[in-house]
Amino acid sequence: MSTLIIVPAVAPLFGRETVTHTAGIKPTNFMTVLLNRNYVRPELNKLLTKTARVLEGTDIKIRYLDANFPFINAFPLLPHLSHNDGKKIDLSLIYETPNGNITQTQKSVSGYGVFEAPKPNEYNQVETCLNSGYFQYDYPKYLTLGKINSELIFSERGTKLLIETLLRRPDLGKLFIEPHLKHRMHLKNDKIRYHGCGAVRHDDHIHIQLK
C-alpha cells in the first residue's frame with residue numbers, strides 16, 4: 001500500500017515523481033521500485049525520456065539503478081549520501097554477449113558491484129584510493145546480491161553511445177565514471193568529472209545529475 005498508494009501521493013509535495021518507464025527506460029532491478037528508490041525531479045525525468053527518444057532505433061536502452069527516496073534527506077542508500085535531492089540517478093553500464101550482441105542484462109542481481117576494472121596499461125585510480133585509506137571505495141562489491149551472466153562483456157561501443165547521447169543534453173550537469181573507462185572509451189567532455197576518493201568507484205555504473 002505504501003509503495004503503490006501513499007508514497008506516490010505524497011512525493012509531489014517534495015517535488016518528486018517516479019521515473020517514467022517506457023520501452024527504452026526500465027529499472028535494472030525491480031527492488032529499486034519496491035524500495036521507493038525510483039523518484040526524481042521532473043527535470044531529470046525529462047532528461048531521461050529525451051535521451052531514450054534519441055536512442056530509439058538503436059539497441060541501447062536506459063536501465064537505471066538508485067535514484068532517490070521521495071522525501072528530502074530520507075533513507076539515503078549508503079554510501080550514496082548525495083542522492084537526496086532528486087537531481088541524481090545511477091545508470092547501468094551496457095554489456096554485450098560474446099557474439100557482440102548488445103544485451104539489457106547485467107552481471108549482478110542488483111546491478112552494482114561487478115567492476116570493469118583497470119587493465120594493466122590503464123591508470124588505476126581504484127588502487128590509489130584504497131591505498132590512501134578510502135576503504136569504502138569498492139564498497140559496492142558487497143551489494144551485488146549475487147553475480148550472474150559471467151559470460152557478458154563490457155560493451156565499449158554501447159556504453160560510449162549512451163554516455164555521448166547523455167552529454168548532448170543541455171540540462172545535464174555532471175556525469176561520473178571511473179577515469180580508466182573514460183580514457184578507454186576516448187571520452188572528452190567537461191561534464192565528465194571525477195567523483196573523488198570519498199565516494200565509491202564508478203566502473204560498475206554511471207552517475208548523472210542535473211545542473
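**Close-up 1. The aromatic pair formed by Y139 and Y142 in the predicted model.** The count of aromatic pairs in this predicted structure comes to 1. The ring centres of Y139 and Y142 lie 6.5 Å apart and the ring planes stand at 70 degrees, so the arrangement is edge-to face in the sense of edge-to-face pairing. The two partners fall into separate accessibility classes: Y139 is partly exposed, with a relative accessible area of 31%, whereas Y142 is exposed, its relative accessible area being 62%. In general terms, such a pair of rings is described by the distance of the centres together with the angle of the planes.

**Close-up 2. The salt bridge between K141 and D138.** The side chains of these two residues, K141 and D138, meet with an N to O distance of 3.2 Å. K141 is partly exposed at a relative accessible area of 37%, while D138, at 12% relative accessibility, counts as buried. The pair belongs to a model in which the count of salt bridges comes to 9.

**Close-up 3. The salt-bridge network of D59, E96 and R157.** R157 forms a salt bridge with D59, in which the closest N and O atoms are 3.9 Å apart. This contact links distant parts of the chain, since R157 belongs to helix α5 (residues 156–167) and D59 to the loop between α3 (42–54) and β4 (62–64), with 98 residues separating the two. R157 also forms a salt bridge with E96, and there the closest N and O atoms are again 3.9 Å apart. Because E96 lies in strand β6 (residues 95–96) and R157 in helix α5, this second pair ties together parts that are 61 residues apart in sequence. R157 is partly exposed, with a relative accessible area of 48%, and D59 likewise counts as partly exposed, at 33% relative accessibility. E96, by contrast, is buried, with a relative accessible area of 15%. As a general matter, side chains of opposite charge can pair when their charged atoms come close.

**Close-up 4. The largest nonpolar core and the surroundings of I177.** This core holds 35 residues, of which I89, L91, L175, I177, I206 and I208 touch the most other members. The elements that contribute two or more residues to the core are α3, β4, β5 (88–92), α5, β9 (172–176) and β11 (205–210). When residues up to four places away in sequence are not counted, I177 touches L93, I163, K182, M185, I192, R193, H195, H202, H205 and I206. In soluble globular proteins, nonpolar side chains tend to be buried together.

**Close-up 5. R201 over the ring of F115.** R201 lies over the face of the F115 ring, at a distance of 3.7 Å from the ring centre.

**Close-up 6. T3 and its contacts.** T3 lies in helix α1, which spans residues 2–10, and at 22% relative accessibility T3 counts as partly exposed. With its neighbours within four places in sequence left aside, T3 is in contact with P8, V33, L34, N36 and Y39. T3 and P98, which are 95 residues apart in sequence, are 38 Å apart in space, taken from C-alpha to C-alpha.

Terms used: Residues are numbered from 1 along each chain as its sequence is written. This is a predicted model: local features need pLDDT of at least 70, side-chain atom pairs count only at pLDDT 80 or more; totals for chains, interfaces and linings use all residues. Side-chain values use heavy atoms; hydrogens and water are left out. A salt bridge is a side-chain nitrogen of Lys or Arg within 4 Å of a carboxyl oxygen of Asp or Glu. Helices (H or I, at least four residues) and strands (E, at least two) are DSSP runs, numbered from the N terminus. Buried means under 20% relative accessible area, exposed over 50%, partly exposed in between (1.4 Å probe, protein chains only). A nonpolar core is a set of buried Ala, Val, Leu, Ile, Met, Phe, Trp, Tyr and Cys residues joined through side-chain atoms within 4.5 Å. Contact means heavy atoms within 4.5 Å. Rings of Phe, Tyr and Trp (its six-membered ring) pair if their centres lie within 6.5 Å; planes under 30 degrees apart count as stacked, over 60 as edge-to-face and the rest as tilted. A charge sits over a ring if NZ of Lys or CZ of Arg is within 6 Å of the ring centre and within 35 degrees of the ring normal.
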